[in-house]
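Subject: The two-chain model, and what turned up in it

Hi,

Here is the structure I promised you. Have a look at it first, then read on for what I found.

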Amino acid sequence: MTSHVLSQLRSLEAESIHIIREVVAEMQRPVLLFSGGKDSIVMLHLAAKAFAPARIPFPIMHVDTGLNFQTVLDCRDRWVERLGIQLVVASVQDAIDRGLVKEEPNGSRNRIQTPVLLEAVEKHGFDAAFGGGRRDEEKARAKERVFSFRDDFGQWDPKNQRPEIWSLYNGRVHQGESIRVFPLSNWTELDIWSYIAAENIDIPDLYLAQEREVVERDGMLFAVNEFTPLKEGETSERRSVRYRTVGDANLTAAVASDATTLTAIVEETAAVRITERGATRGDDKVSEAAMEDRKREGYF
Amino acid sequence: MSTTTENLAEALTDGSTDLLRFATAGSVDDGKSTLIGRLLFDSKTIFEDQLDSVESVSKDRGNDYTDLSLLTDGLRAEREQGITIDVAYRYFATPKRKFIIADTPGHTQYTRNMVTGASTADVALILVDARKGVIEQSRRHTFLATLLGVPHIVVCVNKMDLVDYSEEVFESIRRDFTEFASRLRVPDLTFIPISALEGDNVVNRSENTPWYEGSPLLSHLERLHVASDRNLVDVRFPVQYVIRPQSHDSRDYRGYAGTVASGVMKPGDKVVALPAGLETTIASIETADGPVEEAYPPMAVTVRLTDEIDISRGDMIARPNNTPASLQNIDAQICWMDESAPLTVGKKYAIKHTTRWARAMVKNINYRVDVNTLHRDEDVTEIKLNEIGRIQLRVTQPLFVDPYQQNPETGSFILVDESTNKTVAAGMVGGLPHRV
């Protein structure tokens, strides 16, 4: 006789699967936004579970900034191959070449992903897009719904959100409108790592600690590579580091770490005292409302 | 690395941690933000860069103390106006439990937000200012928590430091509250004397209240027994999606995917599929990780049946001798959530109940409840934003319902405006949970 209590990871898993199935049952043309990072990988893993033994009944879309770590692309391709799903790539480089967007002076392609994303959503007629956002990541996300309504410009209006009661989600939209769906809303960074460890999920090896040639800039450790070459006057050193987030290769910093196994990462995450974005993302530091502004424009 | 951290990491991974959702409700001055800040801070959930940012903003504004509400008030309009607009979700974990806090604000949109936060809560935390005692707002919070069927209520008598940790003050509040609550259906009511600001009885037992024999708040929340709150008796499985792989090797596969709403299902159980009313047997219960011996809420599974019968999304699987009521006339309490138009007799809405959509027309408004006095006003023609009322609906097709107080999963529904697509009401099947 069991106690009929689900562990917290299994409760979160069940909630996410419920959300993913609800979208497929009610929306016309869903897509899963896949960055190659740990959150979108967990989301894809959950989508595969939701429809087993059938295949995932929707494509995934990678908004490709052209500034990817190769190991992240390799991991993406392994997932596509393994699950037999369709991959849609929306290229930021292509959008720059066409003049749709302009690169920012600091080389960030974070914000200009938004028009590329919205264009692709419209072109393919997607009316629901799964995102890997979590409410513990950031204050603006903490108040976003699981089913987040977007008008026909793809915009989010935080003051005009639909009430979300029980698990009765409302995905009704008019032509041209859409919803963003966040199946990982109630997961924390620690939950994600505990789940990756418990399920032994395939992730890019960047997340695991390894000796890398790094240079310190503004208190952050950047790996020396083609995206972040050593500038004049800088010196690099070899240190054991890993990545807590995987964004654009030119802006994502690593953290000092000896965590070479998934279990070690879980322990390190339980002990860490700085948020993942605060520690590693130059692009999120712009203003206190940076994320809210980007979300209003239609960002992930 | 500390032992606590290792314990936490291990407990989360090996599955010995469960999940508790609680809702907090209150107004600006009752210390709610301070209490949440204290729980997050003492459980080491607030990160250093978040605290730095809150400290620097507090200093910029010339505040004497660090304003912990800045941790949750994330939207620009909230910071500009110094108010909380919406339900904010916060998370923390101890080696025993992971906690999800639905933090609901206390101003005008209050009822809508509290209903949203309480709809999924195992516990409602109600703050009472020790200097003010039980006020109208405490009664409103408690009524809404019981309306939503929250099984546990914890009354935190806060600011005990400002009444010299007086046992008499605490006991008098407990008496007043208990008397009021006796009119409501509160399965479990606990009182804890705390000071969120000083930390008394929040995480650690306070030396200032030697007369208090109960647990501090966090240990109480860690130990609270919530497993028996779920309905494990009445098997209800709303079919969410039919899985039929379009591949050569599993062409004959047909599975009914869904989340167990209540009851315990096992292979071999005789079941009935509604609305068809056909009886069959559960052949297997499957997950992506293989078959399971039993399924219980809130597991998301795929059920396979021994007979090929026509079942689709919105249908309900139950036991032949224990089925929900199949109703087209619904008697319900609703909380109205739309600011643009009230609910009136004759209006039509889309209705979502479990996985089934239909259309509904308002046949009658029986009464509106004053959430402060519990008085029923029968002389009403509409239900406005943040009001609660009892109504009769006529639905275009049968819904398979149980009374909300017996089964929140099959007793709840939402109404959606068909022109704006906005969710305009939360509905609960059956009468009020209180005696008058």
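Let's start with one residue in chain B: Lys159(B) is buried, because 24 other C-beta atoms lie within 10 Å, and 20 or more is enough to count as buried. Keep in mind as you read that this is a predicted model. You'll find Lys159(B) in the loop between β5 (152-158) and α7 (167-181) of chain B. Its backbone is worth a look too: phi is positive, about 65°, although Lys159(B) is not a glycine. That caught my eye because most residues other than glycine have a negative phi.

Which other residue in chain B, not a glycine, has a phi near 65°? Leu374(B) does, and this one sits in the loop between β18 (356-369) and β19 (376-377) of chain B. Is Leu374(B) buried or partly exposed? It is partly exposed, because the count of other C-beta atoms within 10 Å is 17, while buried needs 20 or more and exposed means 12 or fewer.

There's also Lys44(B), which comes after helix α2(B) and has a positive phi near 60°. Helix α2 itself covers residues 32-42 of chain B and is mostly covered, with 9 of its 11 residues buried. Among the buried ones are Lys32(B), Ser33(B), Arg38(B) and Leu40(B), so don't expect just oily side chains in that list, because Lys and Arg count as charged. What do the buried residues of α2(B) pack against? Their neighbours are the strands β1 (18-25), β2 (88-93), β3 (97-104), β4 (123-129) and β5, plus helix α8 (217-223), in chain B. So β5 turns up twice in this email: it is packed against by α2(B), and the loop that holds Lys159(B) lies between β5 and α7 of chain B.

Next, two peptide bonds to look up in chain B. The one joining Leu274(B) and Pro275(B) is cis, with omega about 10°. Pro275(B) lies in the loop between β10 (270-274) and β11 (278-287) of chain B. The other runs from Pro297(B) to Pro298(B); it is also cis, and omega is near 0°. For Pro298(B), look in the loop between β12 (290-292) and β13 (300-305) of chain B. I'm pointing these out because most peptide bonds are trans.

Zooming out, the domain assignment splits chain B into domain 1 (3-229), domain 2 (237-318) and domain 3 (325-429). In chain B, the C-alpha centres of domain 2 and domain 3 are 30 Å apart. Where those two meet, 10 residues of domain 2 of chain B are in contact with 9 residues of domain 3 of chain B. On the domain 2 side of that meeting point there are 6 nonpolar, 3 polar and 1 charged residues.

Now over to chain A, which has 9 helices and 10 strands. Its C-alpha trace spans about 60 × 55 × 40 Å along the principal axes. How does its radius of gyration fit a compact globule? For 300 residues you'd expect near 19 Å, and chain A has 19 Å, so the two agree. Of those 300 residues, 56% count as buried. If you take the contacts in chain A with a separation of 6 or more, 75% are between residues 24 or more positions apart.

The UniProt record (an unreviewed entry) places the feature "domain: Phosphoadenosine phosphosulphate reductase" at residues 30-253 of chain A. That span is 26% helix and 19% strand, and its end C-alpha atoms lie 32 Å apart.

One strand in chain A to zoom in on is β5 (residues 147-150), which has both faces covered. Phe147(A) and Phe149(A) are buried on one side, and Ser148(A) and Arg150(A) are buried on the other. Strand β6 (residues 178-181) of chain A runs antiparallel to β5(A), and 4 bridges join them. Within that pairing, Ser148(A) has Arg180(A) as its bridge partner.

Finally, how do the chains meet? In total, 59 residues of chain A are in contact with 64 residues of chain B. The elements of chain A that give two or more residues to this side are α1 (8-26), α2 (38-51), α6 (189-199) and α7 (262-271). Helix α1(A) gives the most, with 12 residues. By class, the chain A side has 28 nonpolar, 14 polar and 17 charged residues.

Happy browsing!

Terms used
Residues numbered from 1 in each chain as written. Chains lettered and ligands numbered in written order. Predicted model: local features only at pLDDT ≥ 70, side-chain atom pairs only at ≥ 80, totals over all residues. UniProt positions renumbered as here; feature names shortened; annotations may be inferred. Pairing = 2+ DSSP bridges. Domains from an automatic or database assignment. Contact = placed C-beta atoms within 7 Å. Rg over C-alpha atoms; globule rule 2.2 N^0.38 Å.
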